Structure formats: C-alpha cells, structure tokens
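This report describes the fold of one protein chain for a reader who is new to protein structure. Please keep the sequence and the model in view while reading.

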Amino acid sequence: MSLLAADIGNAHTVLGLLEDGEVVDHWRVSTDERRTADEWGVLLRGLLETQEDAVTGVAVCATVPSVLNAWREMLAAQFPDVPRVIVEPGVRTGVPIVVDNPREVGTDRIINALAAASDYSGPAIVVDFGGTATTFDVVDAAGRYVGGAITPGIEISLDALSRGGAQPADGRVSSARAA
C-alpha cells in the first residue's frame, strides 16, 4: 500500500514512494520535455522494480505542461486502475489561495504551502531552492497562501554570473578576459 508522489520541476523530477505517510524510497531524475510517455513508463518501472504492484495511489504536481501531458498518458497506460490526483488549477488542496488570480500560482508552490500549513500550522515562509527558480511563499496563521516571490534559481544565477562577471564563477581567469 504505497503512494507514488511526483514533483515535476523545470530541471528535475523528484519521485517519492510513501507508506503510511513516511518516505520509504525516493529518486531525482532529469526533467526532459522530449521524454515520451513510454519513456517515462520504462523509467518509472525501472525505479520501482519489485514495488510497482504496491503502488495504490499516485499524486503529481508539475510546472512543465508538456511533461504533465506525457505523465497523464503514461499513468493511463501503465497504472490504469490506480487512483491518482494531479494538482492543477481548480483542484482543492485544503489551502485557500488568497491572491488576485489563484490560477497563476504554480502547483509546486501550492504544495509547498500545503506542507507548511499541515506541518507547522502557519504562519510560515517557505523557501524552495530550485535550479531554475527560487521561490518564497507565505502562509498566514490561518493556513492560507497569501503570496510570494520568484527569483532566479541557483543554476540560472551561476550561468549569468559566469557569462557576465569579470572573472569566471569557477575562479579561473580566461585568456580573453585577462588581455
């Protein structure tokens, strides 16, 4: 009796297998928009190995629409009888979203707010350090998502620094810049 949870981000997809609310296994794979539903299925079955029959539910949140579409197709083919929840605009999570346009809030940010509200009962600021983006999200004392901010992530910041800085980010001086 296990829940397969998937957080599909811009750079990585994080997968976890949970039993009774505890993570019993987890993986991080690259998110490749070119990966087909069949490839996701092969990858997932390889990771789950002997545990795939134990999967009794699937929960997915994604920030990459094309990958989410591949996942929908893969889940329908590989896990047709397994109940699933795909967090997307309109899905009730139990966290009220108190912003001008709730549909503009990424599902990853809603799930982070849900975890903070559930685990810490608010108020809280959730910081998610991703490669593409670092997000700051605020949960008030009533457990509501009340807003946040997005900044460039670690990988994007390092790329910009190495391209635009006077000295490369790795500390070496390039011959072109030294001249």
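How many helices and strands make up the secondary structure of the protein? In this predicted model, the protein has five helices and eight strands. Their order along the sequence is β-β-β-α-β-α-β-α-β-β-β-α-α.

**Overall dimensions**

The C-alpha trace spans about 65 × 40 × 30 Å along its principal axes. The protein has 179 residues, of which 34% count as buried. About 10,500 Å² of the protein is exposed, and carbon and sulfur atoms supply 53% of that area. Among contacts between residues at least 6 apart in sequence, 45% join residues at least 24 apart.

**The five-stranded sheet**

Five of the strands form an open sheet with mixed pairing, and their order in the sheet is β3-β2-β1-β4-β5. Which strands stand at the edges? They are β3 (22–30) and β5 (84–87); each has a single partner strand, so one side of each is left without a neighbour in the sheet. On average, neighbouring strands of this sheet are turned by 15° against each other, direction ignored.

The edge strand β5 is joined to β4 (residues 55–62) by four bridges, and these two strands run parallel. Within this region, V60 stands opposite I86 in β5.

Helix α1, which comprises residues 37–48, lies across β1 (2–8), β2 (12–19), β3 and β4. With respect to β3, helix α1 runs at about 140°.

**Salt bridges**

The protein contains four salt bridges by the rule applied here. The table lists three pairs, including the closest N to O distance for each.

| Acidic residue | Basic residue | N to O distance |
|---|---|---|
| D32 | R34 | 3.1 Å |
| D137 | R109 | 2.6 Å |
| D140 | R144 | 2.6 Å |

What parts of the protein does the pair of R109 and D137 tie together? R109 lies in helix α3 (residues 107–120) and D137 lies in strand β7, so the pair ties together parts that are 28 residues apart in sequence. Both R109 and D137 are buried.

The two other listed pairs can be described in the same terms. D32 counts as partly exposed, at 22% relative accessibility, whereas its partner R34 is exposed, with a relative accessible area of 69%. D140 has a relative accessibility of 14% and counts as buried, while R144 is partly exposed, with a relative accessible area of 33%.

**A nonpolar surface patch**

Which residues make the nonpolar patch on the surface? The patch of about 860 Å² is made by V98, I125, V127, F129, F136, V138, V146, I154, L158 and L161. The elements that give two or more residues to the patch are β6 (124–129), β7 (133–139) and α4 (154–164).

Is I125, one of the patch residues, buried or exposed? I125 lies in strand β6 and is exposed, with a relative accessible area of 61%.

**Summary**

The model thus offers several features to locate in turn. They include the open sheet of five strands, helix α1 lying across four of its strands, namely β1, β2, β3 and β4, the buried pair R109 and D137, and the nonpolar surface patch of about 860 Å².

Conventions. Residues numbered from 1 in each chain as written. Predicted model: local features only at pLDDT ≥ 70, side-chain atom pairs only at ≥ 80, totals over all residues. Heavy atoms only, no water. Pairing = 2+ DSSP bridges. Axes fitted to C-alpha atoms, helices over the stretch in contact; angles between N-to-C directions. Contact = heavy atoms within 4.5 Å. Patch = residues over 30% accessible without salt bridge, like charges linked within 9 Å, V, L, I, M, F, W, Y side chains within 5 Å. Areas by Shrake-Rupley, 256 points an atom, 1.4 Å probe, with all protein chains shown as cover. Salt bridge = Lys/Arg side-chain N within 4 Å of Asp/Glu carboxyl O. Buried < 20%, exposed > 50% of the residue type's maximum accessible area, 1.4 Å probe, protein only.
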